[in-house]
Amino acid sequence: VLSFMLDKVVFYSLNAVSDNVKTGQSIGKLNQYLDVKDSLDVCLYGSSKVNHNIDPSVFNQRSFNMGLNRRSIACASALIKLLPKDKPQLVLLQLDYLDIFSQEYSGEDVLALTPKYHRDKIIHNEINKARPNSVLRDFFWSQDYNGFISSIIKNVISPNYDYTTF
């Protein structure tokens, strides 16, 4: 019982801290996207090819580049599913032909969204498709932040850009 309670205290504390992070590739860009996704006209998704090579401002000021390094179809698909269903938006998706036709592609790039696993039903379902749920994940929620804590701390202490102009 103590372990369960301590885990929830850690989880909700990490949520409170990480929700304020708006810089960095691991959690900041995702938080920024979640804040603006409902107001966007144009959304760009894909891997580092999109992330580093497309300036969303060429479309209009309500555009967002959600390209993420080392991410592919599964991650982009989950992010697209988070868009509002009743608002027309232009969605541009870069697909890597190596992933489309690869027998080895498992969709585990969606695990980049793990910090939102216990907070968003769509992300929860998409991650479960890539990696079936474990009993430990249901019990210890703070493990959602494994691999993200150092980036969160770094971007809380020293954000590397002004996200409002990003």
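**Exercise 1.** Is Asp38 buried, partly exposed or exposed?

*Solution.* Start with the model: it is predicted, local features need pLDDT of at least 70, side-chain atom pairs count only at pLDDT 80 or more, and totals for chains, interfaces and linings use all residues. Residues are numbered from 1 along each chain as its sequence is written, and side-chain values use heavy atoms, with hydrogens and water left out. Next, take the classes: buried is under 20% relative accessible area, exposed is over 50%, and partly exposed lies in between (1.4 Å probe, protein chains only). Asp38 has 45% relative accessibility, so Asp38 counts as partly exposed.

**Exercise 2.** Find the salt-bridge partner of Asp38 and classify that partner.

*Solution.* Apply the rule: a side-chain nitrogen of Lys or Arg within 4 Å of a carboxyl oxygen of Asp or Glu. Lys37 pairs with Asp38, with 3.0 Å between the closest N and O atoms. Lys37 has a relative accessible area of 13%, so Lys37 is buried.

**Exercise 3.** Describe the Lys22 and Asp35 pair, from distance to location to exposure.

*Solution.* Distance comes first: the N to O separation in this salt bridge is 2.4 Å. The pair links distant parts of the chain, 13 residues apart: Lys22 sits in the loop between α1 (2-18) and α2 (24-36), Asp35 in helix α2. Helices here are DSSP runs (H or I, at least four residues), numbered from the N terminus. Lys22 is buried because its relative accessibility is 12%. Asp35, at 51%, is exposed.

**Exercise 4.** Which residue forms a salt bridge with Lys8?

*Solution.* The partner is Asp7, with the closest N and O atoms 2.8 Å apart. Both Lys8 and Asp7 are buried.

Definitions and conventions:
Helices (H or I, at least four residues) and strands (E, at least two) are DSSP runs, numbered from the N terminus.
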